[in-house]
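Colleague: Before I plan anything around this model, I would like a close look at a single part, one of the sheets, and then a connected account of what surrounds it. Please take it slowly and begin with one pair of residues.

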Amino acid sequence: MIQIVRLVAQRIALGLFTLLIVTLLIFLAVELLPGDFVDAILRQGRTQESVEVLRRQIGLDQPAYVRYFSWLTNAAQGDLGYSFSNERPVSDLIGNRLYNTFFLAGYAAAMAVPVALTFGILAALYRNSVFDRVVNITALSAISSPEFLAAYILIFVFSIQLGWLPSLAHIAIDTSLWESLKLLFLPAVTLTLVTVAHMMRMTRAAIINLMTSPYIEMALLKGVGPKRLILRHALPNALSPIVNVVAMNLAYLVVGVVVVEVVFVYPGLGQLLVDSVSKRDMPVVQAGCLVFAVTYIGLNLVADILSIITNPRLLNPS
Amino acid sequence: MKRSKDQNTVIPPNLRRRGFLKGVAGTAALGTLASAGWPVRAAWASPDSDTVRVGLGHGSTGDSLDPGTYFDAYMMFVGWGLRNNLTEIGQSGDLLPELAESWDMSTDAMKWTFNLRKGVEFHDGKSLTAQDVVASINHHRGDDSSSAARPLLSGVKDISVLNSHTVQIRLRTPNVEFAHMLSDFHLGIMPAVDGKADWRSGNGTGGYVLESFEPGERTMLRRNPNYWKKAAAHFEAADIRVIADHTARTNALMTGAVDIIDRADLQTIHLLKQNPDIQVEQVSGTQHYSIPMHANASPFSDNNVRLALKHGIDRQSIVDNILRGHGRPGNDHPIGVSNRHHSADLAQTSYDPDKAQYYLKKADMSGLDVNLSAADAAFRGAVDTAVLYQEHAKSAGININVEKEPNDGYWSNVWMKKPFSMCYWGGQPTEGWMFSTSYSANAPWNDMFWKHERFNTLLNNALAERDVEQRGELYGELQRIVRDEGSVVIPVFADHVFATSARVKHGELAANWELDGLKGLERWWFA
């Protein structure tokens, strides 16, 4: 147990260091983009005078390293600053969208993970059967088509043809949970379609991989039935790779859904980040990327810990 | 009103398979295409509500209530819900009094006095006074202003309060159209707080009160029960959303989730028109696409080269292929048919490869190689337009090399930087305003770097000319000069195309902007 605590502490420290590097990289990347916030915001309306005034107002006349370190010291104290474009606190801008993004990701995960695991296990159990093939082909076709295609087909069938579900997924603060679940059903299904295959195939492969090991053969010879064989003997040992691929997909559900946000007009973090990058709105870009980086690092940490708990051998790499 | 449940219409034959075969591009339009012909039931639509729901293609998370930052139709539409100007452009294109009840111009057109309407109140109950007007105008002036409207007001020398309801503005140069310019979308009147215009609150004298504002997402407005305009602002409330994806926007209208959309997708609009619950509106205004050439750079410094390029483009083909018929050929000057002094008898520049070659010869050239910078950030279809132009110009011995630029940063890195690039203009309600925005020698947006002495003299004369007829004649001559000697190709004027559900009603539609001069909130009503 103490080993696990030490490992977690180590990982968190490493995670913080990674975050620091991420902020620096993001800052440099946005600096390298042609044009700054002032050029982007004034667009066709720019004149020399208004450019200079706006630069001075925002502090863009300072050298880059000064801006980075002043941002960093403020952020370390929990002050994410104000958006360049509308002078709103970044925390306000991000707050609601962060909730939206996590809500949709959680909803999609609640659908995708059980479906993927169940079908993965069943496919392993009945491997090479017609069932296995149908499941595989369906999942692979779903992941091979772009998200917006799946989204448009779902909208076409369920919103336009049948009229059961709305094509705009707009939830407000006062939308009830039940109503939100209904509004977000199509986006969640879209995300499920594009994430299931990866998790399902990994589950299937991990289990099949174990099926040839001697201890499974032993269990078979002992007379264990197929259901118990997989759930009790094979699955616990296959959990480690499965947990890792699930974590990766959960991270994708948080950081990679901007296309789905656009098609369903859902106010999530992805759209905010795209807008902010195109406007070079540095404080918002930094904060958004921090959220994404924390998500990635956090989910990986959880996956590692779960892997170790299910497979203590990983604690002592020889 | 309920949507009809079964329209018994059939799938357009080209949809059965081709929609899929066209691959990604085809499927992107699938939702929209198919829906137009297929039965629609919308269980969640709430058409009985008195809230008007609007889906607009513009709007971004960086939007601000500061009118000095307004750039696209979203904030202009919201802004005119919240605030009024001193003057406004009416539905027929005439100048109407708004917060200014009347005005006087001195004989030299350099001193203007505006008499404000009495008894007008802001949303918070404060009365409108001359101080508010001065603060609002000064928001866009002075050394500390970062407003995009600064060049517009650069001709203002000073502005002063004569009494609580009278404002005087003195100009540096004569401008008989100054009252028109005060109708500009940046110049909404805000309340003065400590001498500064308060834009953060969204407080104004307009027909709607701000409920909530989520940039890039949604704005909620409620009817102003105390609105000073009679018989205006008829909707109980307004819910204005950003729906950037045109398929999503069309779907939202089809399924009854919104009542009004702007920028209808021209590729599928004929299918939208088949739906009896939807009306599609088309207005010819001043919006035009332009291809400026830097007159201070070779080879464009030679007017013969510019004329060759003007004769090397087939405008009708751009109207047919890019605008799908929703527009008209341009004549290389920025004055549209809805402008009062549009010169209709000016001969149309034609697509004539022989003539183009003749002008090239006059410029001592046997052929011409030019780079044309294009990105769809300039306007939707800009890259395709450039490619079509390339094809047209080939037969005139002009080789146009299309350089595809990134959308991101287009206005700061390409426009006004590359000598030959794509651009668009919304146009202006008056000729003098349009010409002084980007054609006069000292205009900051003279994206052609074009300096024409006679043009500038005549423009100044026109802006000082009090007689409308004579001014019209001068404007006619200015249009001719720009067509023959200007440094811009203006291939097309693009119509405003938008769509509403059938229960939205309106009178005559203004042509200065889309959605009835972007004042649909104030001018339209539910049946």
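Modeller: In strand 7 of chain B, Thr166(B) is the bridge partner of Asn115(B), and that pair is a convenient way into the sheet, with the reminder that this is a predicted model. The two strands concerned, strand 5 (residues 111-116) and strand 7 (residues 166-171) of chain B, pair in the antiparallel sense over 5 bridges. They belong to an open sheet of 4 strands in chain B, whose order is 4-5-7-6 and whose pairing is antiparallel. At the edges stand strand 4 (100-105) and strand 6 (156-163) of chain B, and because each has a single partner strand, one side of each is left without a neighbour in the sheet. Direction ignored, neighbouring strands of this sheet are turned by 20 degrees against each other on average. Helix 4 (residues 130-138) of chain B lies across strand 5, strand 6 and strand 7 of that chain, and runs at about 165 degrees to strand 6.

A second sheet of chain B can be read in the same manner. This open sheet has 4 strands in the order 16-20-15-19, again with antiparallel pairing. Here strand 16 (327-329) and strand 19 (423-425) of chain B stand at the edges, each with a single partner strand, so one side of each is left without a neighbour in the sheet. The average turn between neighbouring strands of this sheet is 30 degrees, direction ignored. Strand 15 (residues 288-292) of chain B is joined to strand 19 of chain B by 3 bridges, the two running antiparallel, and within this pairing Ser290(B) has Cys423(B) of strand 19 as its bridge partner.

Chain B also contains a run of paired strands that includes a hairpin. Strand 10 (residues 208-214) and strand 11 (residues 218-223) of chain B pair in the antiparallel sense over 6 bridges, with Leu221(B) in strand 11 as the bridge partner of Leu210(B). The hairpin of strand 10 and strand 11 of chain B has 3 residues between the strands, and in it Gly216(B) takes a positive phi near 75 degrees. Strand 11 of chain B pairs as well with strand 12 (residues 237-242) of chain B, in the antiparallel sense and over 5 bridges, and Met220(B) stands opposite Asp239(B) of strand 12.

From the hairpin it is natural to turn to the partner chain, for Glu217(B) forms a salt bridge with Arg97(A), the closest N and O atoms being 3.4 Å apart. Across the interface of chain A and chain B, 1 salt bridge is found, together with 4 residue pairs in polar contact. Among the elements that give two or more residues to the side of chain A that touches chain B are helix 2 (37-42), helix 3 (48-58) and helix 7 (147-161) of chain A. Helix 7 of chain A gives the most to that side, with 9 residues. By class, the side of chain A that touches chain B has 22 nonpolar, 15 polar and 11 charged residues. The contact as a whole takes 48 residues from chain A and 58 residues from chain B, and the area buried between the two chains is about 4,400 Å², of which carbon and sulfur atoms give 57%.

Technical notes:
Residues numbered from 1 in each chain as written. Chains lettered and ligands numbered in written order. Predicted model: local features only at pLDDT ≥ 70, side-chain atom pairs only at ≥ 80, totals over all residues. Heavy atoms only, no water. Contact = heavy atoms within 4.5 Å. Buried area = accessible area lost by both parts, 1.4 Å probe. Salt bridge = Lys/Arg side-chain N within 4 Å of Asp/Glu carboxyl O. Polar contact = N/O pair within 3.5 Å; in protein donor to acceptor, adjacent residues only side chain to side chain. Nonpolar A, V, L, I, M, F, W, Y, C, P; charged D, E, K, R; others polar. Pairing = 2+ DSSP bridges. Axes fitted to C-alpha atoms, helices over the stretch in contact; angles between N-to-C directions.
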